[in-house]
Every structure is written in C-alpha cells, then in structure tokens.
Amino acid sequence: MSEALLAGTRVVDLAGEPAAMAGRILADLGADVILVEPPGGHPLRALPHRFLAWGAGKGSVVVDGPDDPKLDDVLATADAVVDTPGFPGAFALDPARAPRAVWARVTPFGLDGPRSSWRASDLGVMAASGNMYATGDPGRPPVRCTEPSGYAHVGAETAFAVLTGLASGSPERVDISMQEVVFVANMVGLASFPKTGHRGARRGANIGRTR
C-alpha cells in the first residue's frame, strides 16, 4: 500500500470550531495532527456529535495556557499550525513560536482591512457573504442550514491552504478570510451579476427541481 500523502507531517491544531474540520481533513491525509486543549477540554467537546466528526484522527495534548512550556515543545516540532485568532477560547500566539511551520490563520474577515477587527459566527459569515440572501422560502426571511455550513467550507479551504504552503517548502503565513471562502461558494451568482443584473432570490426547497 502506498504511503499516505502527509505521512511524517506534524500539524498543531490550535483552532476553534470555525477551522476544526481542517485538522480532520489533514489527519485523513496522513498527517500527525495534535489538538491543543485546555485542562477542561476543547470547547467543541460540548458538542459531542460535532467533535466526533471533526476531531477524528487527531491526537491531543493538554496545556495550562498559552505560556505553558509544553506548548512550545509541541510547536517546535510543527510543520504546520492552524489557528483562529480572536475566536472565543482560542489562544493568541505569535507565529514566531513555530518558525519553520506553515501557519494558517482563520478569521471572519481576514487579518487586514476595515473589518479585520469584526467578529462573526457561522451565521454572521453566511449573512455577510450574501449566501443567505438566496436561501429560504420566497416572501420569508432568509435562513441558513442547521449545521454550520460556513465552517464546513472554511475547513476544506484551510486544509488546501496548508497543503499549498507545505508544497512551497518555506514557512508561509496564510491569511484566510471566512467571508471570502464563502464568496467562492457563491461565485456563479457574483460573477454573473454584471451581465444579468440578477441578485438571486429565495426559491425554497429547489435542489433537484427543474421548475
């Protein structure tokens, strides 16, 4: 059997829920993913079904806080790090603590720009991206999926960003905006507006329908 794509690669997972799926994907590709948890456990453990899905394949290390020397020991071995600075409960660390790693930072609106200090949940990101404008029944307020679909988009794109950084062979710093990631999912609508002038519309449950 051939060796897994990321065999021998260590990923330190500092992420909160928005990028939790990224570590799961990288683990599925063969990486040694270490989930960093506080003494009380990762907050996602309070949602067992989601933790089981997005935490599968990960190892775990418990640290007493961002200044715990144990954390530096783990970061020193990292080929890649994923974090969500500003997310509740997430550590705010200097990427210089893992100098040879690809460091992927996931925030609602990116690390730069007029909204870089804004905070948003999955619901806020889905609304700010325009995705919810076209989701729901005609004549009623917009809705989103029960599960955090924005976070699901972000997880896959973050994993891809890590792979790209690793392929570069140098310690990259990757800035991932959740809003921009969901824009990609809406790309057809955004790209066609200048030609059609159509902003989309809520059409109810229409997947698979032709009329």
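**Note on the sheet and the helix pair**

1. Start in the sheet of this predicted model. D13 has V82 as its bridge partner in β4. V11 has a β4 partner too, namely A80. These residues belong to a parallel pairing: strand β1 (residues 10-13) runs with strand β4 (residues 80-83), and three bridges hold the count.

2. On to the next neighbour of β4. β4 and β5 also run parallel, joined by four bridges. One position to look at here is D83, which stands opposite R105 in β5.

3. Which residues of β4 are buried on one side, and which on the other? A80 and V82 are buried on one side. V81 and D83 are buried on the other. Both faces of β4 are thus covered. Note that V82, the partner of D13, and D83, the residue opposite R105, are among these buried residues.

4. Now the whole sheet. It is open and has six strands. The order is β3-β2-β1-β4-β5-β6, and the pairing is parallel. The edges are β3 (59-62) and β6 (173-177), each paired on one side only. From one strand to the next, the twist averages 20 degrees.

5. A helix lies against this sheet. α5 packs on it and touches β4, β5 (102-107) and β6. The direction of α5 makes about 155 degrees with that of β5. An angle over 145 degrees counts as roughly antiparallel.

6. α5 has a helix partner as well. Helix α1 (residues 20-28) packs with helix α5 (residues 149-168) at an angle of about 50 degrees. Their axes are 7 Å apart. Angles under 35 degrees count as roughly parallel, and 65 to 115 as roughly perpendicular. The α1 and α5 helices are therefore oblique to each other. Their crossing is right-handed.

7. Which residues make the contact between α1 and α5? From α1 come M21, A22, I25 and L26. From α5 come A152, G155, A156, T158, A159, V162 and L163. By class, nine of the contact residues are nonpolar and two are polar. None is charged.

8. To sum up: β4 pairs in parallel with β1 and with β5. Residues on both of its faces are buried. α5 touches β4 and also packs with α1.

Terms used
Residues are numbered from 1 along each chain as its sequence is written. This is a predicted model: local features need pLDDT of at least 70, side-chain atom pairs count only at pLDDT 80 or more; totals for chains, interfaces and linings use all residues. Side-chain values use heavy atoms; hydrogens and water are left out. Axes are lines fitted to C-alpha atoms, for helices over the stretch in contact, and angles run from 0 to 180 degrees between N-to-C directions. Helices (H or I, at least four residues) and strands (E, at least two) are DSSP runs, numbered from the N terminus. A crossing is left-handed if the near helix is turned anticlockwise from the far one by less than a right angle, and right-handed if clockwise. Contact means heavy atoms within 4.5 Å. Ala, Val, Leu, Ile, Met, Phe, Trp, Tyr, Cys and Pro count as nonpolar, Asp, Glu, Lys and Arg as charged, and the others, Gly among them, as polar. Two strands pair if DSSP finds at least two bridges between them. Buried means under 20% relative accessible area, exposed over 50%, partly exposed in between (1.4 Å probe, protein chains only).
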